[in-house]
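Me: I should like to go through the terms applied to this structure and see what each of them rests on. Please set each value against its definition.

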Amino acid sequence: MKLLLIEDDASMQVALQRALNRRGIEVSGCTDGALALAEWAATQPDVVVLDLSLPGMDGLQVLELARKQGLATPVLILTARGTVGDRIMGLNLGADDYLPKPFDLDELEARLRALGRRRSDPGRAPVAESGAGSQIVGALRYEKESGAIYHEGQVLELTPRELALLQALMVKPGHAVSKEKLFELVFPGEMDVQYEAVEVVVYRLRKKLARTGVTLMTLRGLGYLLKVEP
């Protein structure tokens, strides 16, 4: 996997390059926001890690311009600016995931590999049915083009696995999706993960859906489905 690291902290960049290289991830670095877009287009990475506080151009501006230029590489925002507003703005502009500093290296690697798999095998990712640009379930809206899911106009803050699971359920509202199918979509290619791991993702997602008017239901022997509360 090729990674572009856009980070102005030299010590952080060197440390991450060394650590991720040891884990089999090829890392190229860029320290300036104004140069980041050219580097991004030239290197065509599998994943971009983007800091928000950059010299020359703010990270959010870099992300916005990249998406406008058609650079569709999955982006993980990595920053010490951990306010909810920054996270939502980043997701609205096209970021795929968000990890605040300080962070655990194992978690960073897991999120990067999940984003890399999504890019290398997009057929595995749950998408909306062809036709309309969005899928509506109650107060939730799944935008096909961006992959984001909104509740009353605000992006739902979800991990990549929670997002993949909710996307799969929103594609077939009112229909049960089996645990096996969800496992394939949420944990693609991860042979060392047990099927029960889906239940953990379901549990966390169910809590995040509280007060949205949409319930994640378990149907014993059939799987899971979304139900709009009356």
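Reply: The model shown is a predicted one, and the questions below take its labels in turn.

Me: Why is Glu162 called buried?

Reply: Glu162 has a relative accessible area of 3%. Buried means under 20%, so Glu162 meets the criterion with its 3%. The residue is located in helix 6. Among its contacts beyond four places in sequence are Glu157, Val201, Arg204, Leu205 and Lys208.

Me: What makes the pair formed by Glu162 and Thr159 a polar contact?

Reply: A polar atom of the Glu162 side chain lies 3.0 Å from the backbone nitrogen of Thr159. The cut-off for a pair of N or O atoms is 3.5 Å, and the distance of 3.0 Å falls within that cut-off.

Me: How do you know that the buried residues of helix 7 are on the same side of that helix?

Reply: The buried residues of helix 7, which spans residues 179–186, are Leu182, Phe183, Leu185 and Val186. They cover an arc of only 165° around the axis, and therefore lie on the same side of helix 7. In general, an α-helix has 3.6 residues a turn, so residues three or four places apart point the same way.

Me: Against which elements do these buried residues of helix 7 pack?

Reply: Their partners are helix 6 (160–171), helix 8 (197–208) and strand 11 (223–228).

Me: Why are strand 1 and strand 3 said to pair?

Reply: Pairing requires at least two bridges. Strand 1 (residues 2–6) and strand 3 (residues 47–50) have four bridges in the parallel sense, so they count as paired. Within strand 3, Leu50 stands opposite Ile6.

Me: What makes strand 2 and strand 5 edge strands?

Reply: Five strands form an open sheet with parallel pairing, in the order 2-1-3-4-5. Strand 2 (26–30) and strand 5 (97–100) each pair on one side only, and are the edge strands. On average, neighbouring strands of this sheet are turned by 20° against each other, direction ignored. Helix 2 (residues 33–43) packs on the sheet and touches strand 1, strand 2, strand 3 and strand 4 (75–79). The direction of helix 2 makes about 175° with that of strand 1.

Me: Why is Gln44 called partly exposed, and Arg211 exposed?

Reply: Exposed means over 50%, and partly exposed lies between 20% and that value. Gln44 has 42% and is therefore partly exposed; Arg211 has 80% and is therefore exposed. Gln44 belongs to the loop between helix 2 and strand 3, and Arg211 to the loop between helix 8 and strand 10 (214–219). Gln44, not a glycine, has a positive phi of about 45°. Arg211, also a residue other than glycine, has a positive phi near 70°.

How values were computed:
Residues numbered from 1 in each chain as written. Heavy atoms only, no water. Buried < 20%, exposed > 50% of the residue type's maximum accessible area, 1.4 Å probe, protein only. Helix = DSSP H or I, 4+ residues; strand = E, 2+ residues; numbered from the N terminus. Arc of directions from axis to C-beta. Contact = heavy atoms within 4.5 Å. Polar contact = N/O pair within 3.5 Å; in protein donor to acceptor, adjacent residues only side chain to side chain. Axes fitted to C-alpha atoms, helices over the stretch in contact; angles between N-to-C directions.
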